[in-house]
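Work through the exercises below with the predicted model open. Each one has a task, then a solution in steps.

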Amino acid sequence: MKRELVIVLDFGGQYNQLVARRVRECNVYCEIYSYKIDIEKIKEMNPKGIILTGGPNSCYDPDSPTYSRELFELGIPVLGLCYGAQLMMHVLGGKVARPDVGEYGKTEVLIDKPSSKIFENVPEKTICWMSHTDAIFQIASGFEITAHTADCPVAAAENEQEGLYAIQYHPEVLHTAEGTKMLSNFVLKVCGCAGDWRMDSFVEESVKQIREKVGDGKVLCALSGGVDSSVAAVLLSKAVGAQLTCVFVDHGLLRKNEGDEVEAVFGPKGAYDLNFIRVNAQQRFYDKLAGVSEPEKKRKIIGEEFIRVFEEEAKEIGAIDFLVQGTIYPDVVESGLGGESAVIKSHHNVGGLPDYVDFKEIIEPLRDLFKDEVRKAGLELGIPEYLVYRQPFPGPGLGVRIIGEVTEKKVRIVQDADAIYREEIEKAGLTRGIGQYFAALTNMQSVGVMGDERTYDYAVALRAVNTIDFMTAEAADVPYAVLQKVMSRIINEVKGVNRVLYDLTSKPPGTIEFE
Ligand code: XMP
């Protein structure tokens with residue numbers, strides 16, 4: 001059976017992966033490509049539909065990203081969103097310009113053509129998320145206006161006969177009340193997709209692709225025990241079995257007892273056959289990190305050391321052809337590799353490989369997925385729920401939860417504090433209700449008094465956030481009594497700490513990690 005595919009052409013907008021994700025939520029498989037993709041490649045893929053994303057440019061500037069008219073003449077339905085909508089009009093002979101006022105934020109849209117396939121089961125007045133400085137002033141010939149707002153005469157337009165749809169707002173953003181409905185109308189009603197794609201199809205498809213790519217090559221997987229790399233490892237083991245070796249580096253920046261726990265699950269005595277090798281490299285990492293406070297520098301050091309350890313391990317194992325990494329989409333976008341958008345910080349497991357690498361190629365089977373999608377894939381692979389719903393833990397580990405210089409003593413403090421915090425959250429039955437929670441160590445020492453003695457010790461920061469996709473997050477409302485208990489246990493049980501703080505910051509402006 002031929003798989004149904006919708007492609008998203010990335011013109012540099014902030015929400016591009018969300019578009020793909022929403023399409024997958026409609027049970028239609030979706031992939032993202034740069035707008036630079038050749039038309040021949042598109043024809044070869046023969047997608048059921050094409051979606052053009054938003055982007056920061058003005059489509060009438062000669063240097064702005066564009067696409068040839070042919071794209072709209074393939075007989076494949078096209079949906080243009082924001083910049084994509086403007087570009088569609090511009091290329092097909094309409095007029096786009098800068099009005100006196102832009103439109104930003106929640107806006108009421110009035111639907112002029114309720115019979116439009118895109119607006120099936122959508123109320124005639126609905127709230128949408130607008131974010132544009134340019135606007136469509138004149139639609140191209142063959143189009144009709146299907147929706148407007150108080151400030152924007154063309155909020156949506158279509159050429160039904162040609163299957164061309166232009167939407168000025170962002171249906172992919174949850175603030176657009178009926179956005180998912182509209183996207184679903186596009187892929188199901190306009191493109192005629194069956195909507196029968198599931199995560200198990202992702203697993204099946206990935207296994208097939210990996211087998212094709214790897215052939216009889218040898219594969220090395222960096223297994224951290226976190227959700228992402230565990231799902232990647234089990235996926236790979238399903239695809240290439242004994243050709244896979246998993247190396248678990250204990251970099252000394254793991255949570256308390258985590259090294260042994262990972263070994264118990266994935267090692268020779270566990271449920272999987274992963275050719276598991278544990279490397280105890282703690283001291284190497286501490287030595288490299290000595291005296292370094294700058295967060296990006298720490299990340300780079302940890303990342304590079306990781307690669308070095310792998311290289312050495314790979315040499316022991318013999319020639320390796322492929323290296324697997326559990327990179328997921330938010331890692332990609334925040335490292336600035338997500339098509340056309342901006343760099344926030346470098347995740348050690350993306351890009352940034354040192355010059356000398358002994359592997360032929362990197363395989364990142366989860367690169368297009370959001371966290372919750374990775375979890376679904378994990379369940380499809382038969383990984384037990386308690387592992388699949390494990391909280392995320394960053395590759396650089398406690399290196400990004402200790403502000404300032406990382407030392408063995410600080411690692412011990414944050415491990416102990418974090419273990420208490422997790423234990424109390426579990427006891428209170430809150431684990432599944434909070435997206436991510438952990439203790440971090442601030443670089444602040446302050447005066448306290450304990451048992452009549454003056455202390456000058458560290459402050460531990462507790463973080464707990466709720467998030468859907470880890471791109472945005474809000475501080476979780478952990479009951480005060482639980483926080484108080486955690487505070488008192490940390491102060492009493494963890495030597496070197498005399499203050500406990502709770503971080504209320506959301507993301508943005510904060511990040512989830514504390515570095
Ligand atoms: P931030 O701190 O960027 O975190 O808001 C977003 C999510 O990503 C995790 N994170 C990482 N994961 N390697 C990873 O695999 C990293 O370098 C890294 N840094 C942050 C973080 O725990 C959160 O879930």
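**Exercise 1. Find the residue of S13 that stands opposite Leu220, then place the strand pair in its sheet.**

Solution.
- Start at Leu220: Thr245 in S13 stands opposite.
- Now widen the view to the strands. S12 covers residues 219-222 and S13 covers residues 244-250. They pair in the parallel sense, over four bridges.
- Next, add the remaining strands. The order is S14-S13-S12-S15-S16, an open sheet of five strands with parallel pairing.
- Look at the edges. S14 (276-280) and S16 (361-363) each have a single partner strand, so one side of each is left without a neighbour in the sheet.
- Finish with the twist. On average, neighbouring strands of this sheet are turned by 25° against each other, direction ignored.

**Exercise 2. Which strands of the sheet does helix H5 touch, and which does H6 touch?**

Solution.
- Take H5, residues 199-214. This helix packs on the sheet and touches S12, S15 (322-324) and S16. The direction of H5 makes about 170° with that of S16.
- Take H6, residues 227-240. H6 also packs on the sheet, touching S12, S13 and S15. Its direction makes about 160° with that of S13.

**Exercise 3. Trace the bridge partners of Ala147 in S9.**

Solution.
- Begin with S6 (residues 103-111) and S9 (residues 144-148). Two bridges join these antiparallel strands.
- Within this pair, Ile111 stands opposite Ala147.
- Then turn to S10, residues 156-159. S9 and S10 pair in the antiparallel sense over three bridges.
- Here the bridge partner of Ala147 is Ala156.

**Exercise 4. Describe how H8 and H9 cross, and sort the contact residues by class.**

Solution.
- Set the geometry. The axes of H8 (residues 282-289) and H9 (residues 295-317) come within 10 Å and cross at roughly 145°. The crossing is right-handed.
- List the contact. H8 supplies Arg284, Phe285, Lys288 and Leu289. Residues from H9 include Ile301, Ile302, Glu305, Phe306 and Val309.
- Sort by class. The contact has six nonpolar, no polar and six charged residues.

**Exercise 5. How many cavities of 30 Å³ or more does the structure hold, and what lines the second largest?**

Solution.
- Count first: there are five cavities of 30 Å³ or more.
- Pick the second largest. Its volume is about 90 Å³.
- Find the lining. It consists of 13 residues, with Ser224, Leu254, Phe393, Pro394 and Gly395 nearest the centre.
- Classify the lining: six nonpolar, five polar and two charged residues.

Notes. Residues are numbered from 1 along each chain as its sequence is written. This is a predicted model: local features need pLDDT of at least 70, side-chain atom pairs count only at pLDDT 80 or more; totals for chains, interfaces and linings use all residues. Side-chain values use heavy atoms; hydrogens and water are left out. Two strands pair if DSSP finds at least two bridges between them. Axes are lines fitted to C-alpha atoms, for helices over the stretch in contact, and angles run from 0 to 180 degrees between N-to-C directions. Contact means heavy atoms within 4.5 Å. On a 1 Å grid over the protein atoms alone, a cavity is a set of points where a 1.4 Å probe fits but cannot get out, and a pocket is an open set with protein on both sides within 12 Å along at least five of seven lines; lining residues have an atom within 4 Å of a point. Grid points are joined across faces, edges and corners, and a volume is the space filled by probe spheres set on the points. Ala, Val, Leu, Ile, Met, Phe, Trp, Tyr, Cys and Pro count as nonpolar, Asp, Glu, Lys and Arg as charged, and the others, Gly among them, as polar. A crossing is left-handed if the near helix is turned anticlockwise from the far one by less than a right angle, and right-handed if clockwise.
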